[in-house]
Amino acid sequence: TKVTKSLKQARVAASEEARMRLEKLDSPWTAERLREFIKAYLKDRPIYILSNREPYVHTKDNGKIEWHVPAGGVITALEPVMEACGGTWIAHGSGAADIETADTEGKIQVPPDEPKYTLKRVSLTDKEIQGYYNGFSNEALWPLCHMVHTRPIFRAEDWIQYKKVNAKFAKTLLDEIRNVERPIVLVQDYHLALVPAIIKKSRPDALVSIFWHIPWPSSAQFNICPWRKELLEGMLGADLVGFHTQQHCNNFIDTVSNEIESRIDYEHFSVFRGEHQTLIKPFPISIAFPGRAEAHGTPDRTILDTLGIRSQRIVLGVDRLDYTKGILERFKGIEFLLDEHPAYKGELTLLQIASPTRESVEKYREYAAQVTAEAERVNKKFATNGWKPIILEKRNYSHDELLHLYRCADVCLVTPLHDGMNLVAKEYVAARADESGALVLSQFAGASRDLKGAILINPYSAEEASAAIHTALSMQKTEQHRRM
Ligand code: GDG
């Protein structure tokens, strides 16, 4: 009896100690700390994530089944959280071998080589993908929320598919939580704006949040959407609506106050509709900070050698090939730099990794062609003796390859025209355990609020981009360290 009692006491003390550790806000977030947090505060309530994109895609190559992690910020930010916490992730099964690798319920344990949580795949028809994903999500909501002067396209048939697919995701979750008490449901992004209200209506005991990974525009800008009310009502079904920055929260509250009958509590930054309260809060999303071994590796130039890059100075860009990312403007900046400072000719290369994305959407195909043409134009202008200023890699690189490139780059150019956060900026800094290198960052990326040591620019100005790259390349090591 004595042993049992003292064991019990020891266990209570240990968990109390863990709780105290969690409350020390200055201790860094690690997978372990997150796990403890879930235990101590959420009392092991099960976690469900819903997103359009899945974290692991299974494909078939010549009959051989393979898997990969798709490029994109939502996966980068959330996958490590699910690995730490466990739970169920519901997403569109978009890979050619997704059905056959999952069980009869569409479930598979992932990561495939070290399972830690469940992925449940939702099947969508071609018509649904066209209307909900290519159409309403990527041709209407994406340009609506990003101030990049691309006109949103609102088609009634896309909206119908969007509603249908949102209902399908919600039903999948509701079936999944039928026998689960007080689940925690984390809905992700602009693809699933209607899901929170549907879930909350049948399961008021569920704690539902939606995180909007892209900017929220001004109220006037959002109001051009014909279905704005339905979208807002869908989101306000959640208990918590999250954005990257306070500015996005402010814009959202403004939009709600102009469009929806509600009571706004500015003290707590929340919206009341009847008895239901929705908190609106900023959560500047980030990455899993690399472990010591990963961050402290030495720069490996193999990829640069393979690409025939012999320049002394490496400037790097890593982006999905998306018109919000400012790749064309970046090339103009390099052109301006070489005009202004001819000494860089033959000495500097911009390596632009541009991973293919949303290729079924016409604007993206057009943009990809423009990026290629612009790289060719600039290269033609300056190329000499087998050297050219821009190497454009329109393909996907692995996480490890990107890490090597981050370590080799003297400068990382992150110059989106508008971006919710931008995780490439954070990945570059995190990969530089040597505390050298310099980050040139757009003032229109949410990350510019967090990364105070970056050189901030207006990406629309080739002059500013050029001056910033020159500043970065001429920066003293001590200054680089201070900023990193
Ligand atoms: C949305 C918001 C917000 C890129 N190329 C490759 C590759 N990537 C990875 C990067 C990075 C991720 O994709 C891109 O993340 P970003 O945050 O920069 O941008 P979005 O995809 O637009 O993300 C954004 C984010 O959601 C999270 O909330 O920050 O504002 O737009 O991790 O490394 N990864 C691999 N190969 C590539 O070729 N493996």
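Student: Where does Lys394 lie with respect to β15 and α15?

Tutor: Lys394 sits in the loop that runs between β15 (390-393) and α15, where helices (H or I, at least four residues) and strands (E, at least two) are DSSP runs numbered from the N terminus. This is a predicted model, in which local features need pLDDT of at least 70 and side-chain atom pairs count only at pLDDT 80 or more, while totals for chains, interfaces and linings use all residues. Residues are numbered from 1 along each chain as its sequence is written, and side-chain values use heavy atoms, with hydrogens and water left out.

Student: Why is Lys394 called partly exposed?

Tutor: Buried means under 20% relative accessible area and exposed over 50%, with partly exposed in between (1.4 Å probe, protein chains only); Lys394 has 35% relative accessibility and therefore counts as partly exposed.

Student: Why is strand β7 described as largely enclosed by the rest of the structure?

Tutor: Strand β7 spans residues 184-188, and four of its five residues are buried, so the rest of the structure largely encloses it.

Student: What makes β1 and β7 a pair?

Tutor: Two strands pair if DSSP finds at least two bridges between them, and strand β1 (residues 47-51) is joined to β7 by four bridges in the parallel sense. Within this pairing, Leu50 has Val187 of β7 as its bridge partner.

Student: Which strand is joined to β7 by five bridges?

Tutor: That strand is β8 (residues 207-211), which runs parallel to β7, and Val185 stands opposite Val208 in β8. The chain passes from β7 through helix α7 (residues 195-202) to β8 in a right-handed β-α-β crossover, a term that applies if, with the strands pointing away from the viewer, the path from the first strand over the helix to the second runs clockwise.

Student: Which residues come nearest to the ligand?

Tutor: Of the 28 residues around the ligand, each having a heavy atom within 4 Å of it, Thr76, His213, Tyr397, Asp419 and Glu427 come nearest.

Student: What makes the approach of Gly73 to the ligand a polar contact?

Tutor: A polar contact is a pair of N or O atoms within 3.5 Å, and a polar backbone atom of Gly73 is 2.8 Å from an oxygen atom of the ligand. A polar backbone atom of Asn422 is 2.9 Å from a ligand oxygen atom, and a backbone N or O atom of Leu423 lies 2.8 Å from an oxygen atom of the ligand.

Methods. A polar contact is a pair of N or O atoms within 3.5 Å; within protein, one must be able to donate a hydrogen and the other to accept it, and residues adjacent in sequence count only if both atoms are side-chain atoms.
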